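Me: I have a few questions about how the labels on this model are earned. Could you take me through them one by one?

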Amino acid sequence: MFGLKKTVQETEHTSSYYAATANDKTVYQKLEGEIKTDVVVVGGGFSGVNTALELAEKGYAVVLLEAKRIAWGATGRNGGQIIAGIGSPAKFERTIGKSGVNAIYEMGFEASEVIRERVAKYNIDCDLKWGYCDVAIKPRHMKELEQWQAQTKKDGNPHQLQMLDQHEVKQFVNSDNYIGGLFNPTGNGHVHPLNLCAGEAHAASELGVQIFEQSKVTNIEHGSRVKVHTDCGKVDAKFLVLCGNAYMGELVPKLATKILPSNSSVIATAPLPSEIVNAIMPADVAVCDPRTALDYFRLSADKRLLFGGLSNYTGLEPTDLKATMAKKMLKVFPELAGIDIDYGWSGQMGIGLNRMPQLGNLADNIFYVQAYSGHGVAPTHMMARVIAEAIDGKPERFNILAKIHHWSFPGGKLFRRPALAIGMMYYKILDEL
Ligand SMILES: Cc1cc2nc3c(=O)[nH]c(=O)nc-3n(C[C@H](O)[C@H](O)[C@H](O)COP(=O)(O)OP(=O)(O)OC[C@H]3O[C@@H](n4cnc5c(N)ncnc54)[C@H](O)[C@@H]3O)c2cc1C
């Protein structure tokens, strides 16, 4: 069992492999004084930056306010796994109809395409690679992957997925832990997320978006024009989009009750010799296992193993993060014993009860999105597009997603964490059976 501690919230990037290898060192100024604009976006992660970029591409004047640094939150800390799909829309057919379900499947496939297009259009240097492998630990996981392969084909997945047996999976991830897998060669992949987001912010800024860092929004005034306040400034806008996700705290208490900020941790080894790389991860794909507290891993461009996991609903990070994560990594790849761990960090992701991204309106001119439940690299790009469409007078796709009801977590502020931590423990026990 590992110890847990409260995460200190620094104002600069956490000391991750991503921050150490950031290409774009731009420091955006702090907001001072008052600005009038069409749209003010709060939060400089993938959701906020891409909403700003989509709107700027449509000709809107946009101000983006980030409390710390661009990509400071989950966006600059995640596993970098690009996974297409947006939740399980079929569960909501009674609310959104068959056509709504199909529209969300299409948005799920489009989500990865937005990244592909954006990187090409703006020439973003972010180590983008395609190829992803879901791995199976138990025979029932193989059955689930087979069912998933058949279902996603029916749902219109344009990418050809391939089942892998115990021998074939080793060509992608050579660990004795796995008995097979499902390979997606072109629809899923991996990326340096901080460099992707910084590149997107740069593109937005070139299109005229005014970006401010170290500019935390502390108060929102509703009205026919909405006003947001920071400690040194104010933005007066026709529209507000809230993209603070798991780091937004109690700025909007109603939204805070629907999201549980949960912790996940990642380590980066020292660069691995090519014979080890070829032995353990010969195909350079991203890998995820099927458990509740899953392991996710991949190689970086300079051939480190980036190994993530240890997701927990306490919102706390392990006291000895590097050692705890290294132990987990060695269970998958014992041959890495003795390899240095150069970086270790953690971040907060927003979990929602029904595992669908939450997007909607607090007023006609106030939009929000949050709660990607640990699966947001691609979906953030799609939700940003959908919100920009709604602001631009084309709300059809937004309306489908906004119809889905999102319950608050039971137990109020005090008890929702313990209740969920117990729930997660239950699913972890099931994973072992
Ligand atoms: C360790 C970890 C690993 C993960 N791995 C993966 C993965 O491999 N694949 C995947 O698909 N997903 C993964 N995720 C999830 C994914 O990173 C998130 O879903 C996604 O980045 C969410 O982006 P966001 O912009 O909505 O939120 P964030 O990136 O968290 O951005 C929110 C931003 O809002 C700012 N903010 C908050 N309040 C205010 C305020 N009042 N004023 C101004 N700014 C404010 C914050 O400072 C922050 O920068 C992972 C998450 C974590 C934490």
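**From values to labels**

Reply: Gladly, and let us start with aspartate 127: its relative accessibility is 33%, and since partly exposed covers the range between 20% and 50%, aspartate 127 counts as partly exposed. Do keep in mind that this is a predicted model.

Me: Where does aspartate 127 sit, and what is notable about its phi?

Reply: Aspartate 127 is placed in the loop between H3 and E5. Its phi is near 55°, a positive value in a residue other than glycine. Most residues other than glycine have a negative phi.

Me: Which label does asparagine 123 get, buried or exposed?

Reply: Exposed, because its relative accessible area is 68% and the label needs over 50%. Asparagine 123 lies in the loop between helix H3 (93–121) and strand E5 (129–136). Its phi is near 55° as well, again a positive value in a residue other than glycine.

Me: How do you know how many disulfides there are?

Reply: A search of the whole structure finds zero disulfides. Take cysteine 126: the nearest cysteine sulfur belongs to cysteine 197 and is 11 Å away. A disulfide needs the two sulfur atoms within 2.5 Å, so cysteine 126 is in no disulfide.

Me: What makes cysteine 126 buried or exposed?

Reply: The relative accessibility of cysteine 126 is 1%. Buried means under 20%, so cysteine 126 counts as buried. Cysteine 232, at 35% relative accessibility, counts as partly exposed.

Me: Why is leucine 240 called buried?

Reply: Because its relative accessibility is 0%, and the label applies under 20%. Leucine 240 belongs to strand E11 (residues 233–242).

Me: Which residues is leucine 240 in contact with, leaving aside its neighbours within four places in sequence?

Reply: The partners are Val40, Val42, Ile220, Val226, Val228, Asn365, Ile366 and Phe367. To count, heavy atoms must come within 4.5 Å. As for arginine 225, its C-alpha is 9.1 Å from that of leucine 240, with their positions 15 residues apart in sequence.

Me: What makes glycine 352 buried or exposed, and where is it?

Reply: Glycine 352 is in the loop between strand E17 (341–351) and strand E18 (358–363). With 0% relative accessibility, glycine 352 counts as buried. Beyond its neighbours within four places in sequence, glycine 352 is in contact with Lys258, Gln358, Ala371, Ser373 and Phe409. For serine 373, the C-alpha to C-alpha distance from glycine 352 is 6.0 Å, at 21 residues apart in sequence.

Me: Which label fits leucine 330, and what is it in contact with?

Reply: The relative accessible area of leucine 330 is 32%. That value is between 20% and 50%, so leucine 330 is partly exposed. Leucine 330 sits in helix H9 (residues 321–332). Setting aside neighbours within four places in sequence, leucine 330 is in contact with Leu336 and Ala337.

Me: How do you know whether proline 139 is buried or exposed?

Reply: Proline 139 has 63% relative accessibility, and over 50% is what the label requires, so proline 139 counts as exposed. Proline 139 lies in helix H4 (residues 139–154). Its C-alpha is separated by 13 Å from that of aspartate 289, which is 150 residues apart from it along the chain.

Me: Now for the chain as a whole. How many helices and strands does it have, and why is it called as compact as a globular protein of that length?

Reply: The protein chain has twelve helices and 19 strands. Its radius of gyration is 21 Å, close to the 22 Å that the globule rule gives for 433 residues, so the chain is as compact as a globular protein of that length. Along the principal axes, the C-alpha atoms fill a box of roughly 60 × 45 × 45 Å.

Me: What share of the residues is buried, and what share of the contacts joins residues 24 or more positions apart?

Reply: Buried residues make up 55% of the 433 residues. Among contacts with a separation of 6 or more, 75% involve residues 24 or more positions apart.

Me: What can you say about the exposed area and the charges?

Reply: The protein chain exposes about 18,200 Å², and carbon and sulfur atoms supply 54% of that area. The chain has 46 positive and 46 negative charges, whose mean positions are 6 Å apart.

Technical notes
Residues numbered from 1 in each chain as written. Predicted model: local features only at pLDDT ≥ 70, side-chain atom pairs only at ≥ 80, totals over all residues. Heavy atoms only, no water. Helix = DSSP H or I, 4+ residues; strand = E, 2+ residues; numbered from the N terminus. Rg over C-alpha atoms; globule rule 2.2 N^0.38 Å. Buried < 20%, exposed > 50% of the residue type's maximum accessible area, 1.4 Å probe, protein only. Areas by Shrake-Rupley, 256 points an atom, 1.4 Å probe, with all protein chains shown as cover. Lys, Arg positive; Asp, Glu negative; His and termini not counted. Charge placed at Lys NZ, Arg CZ, Asp CG, Glu CD.
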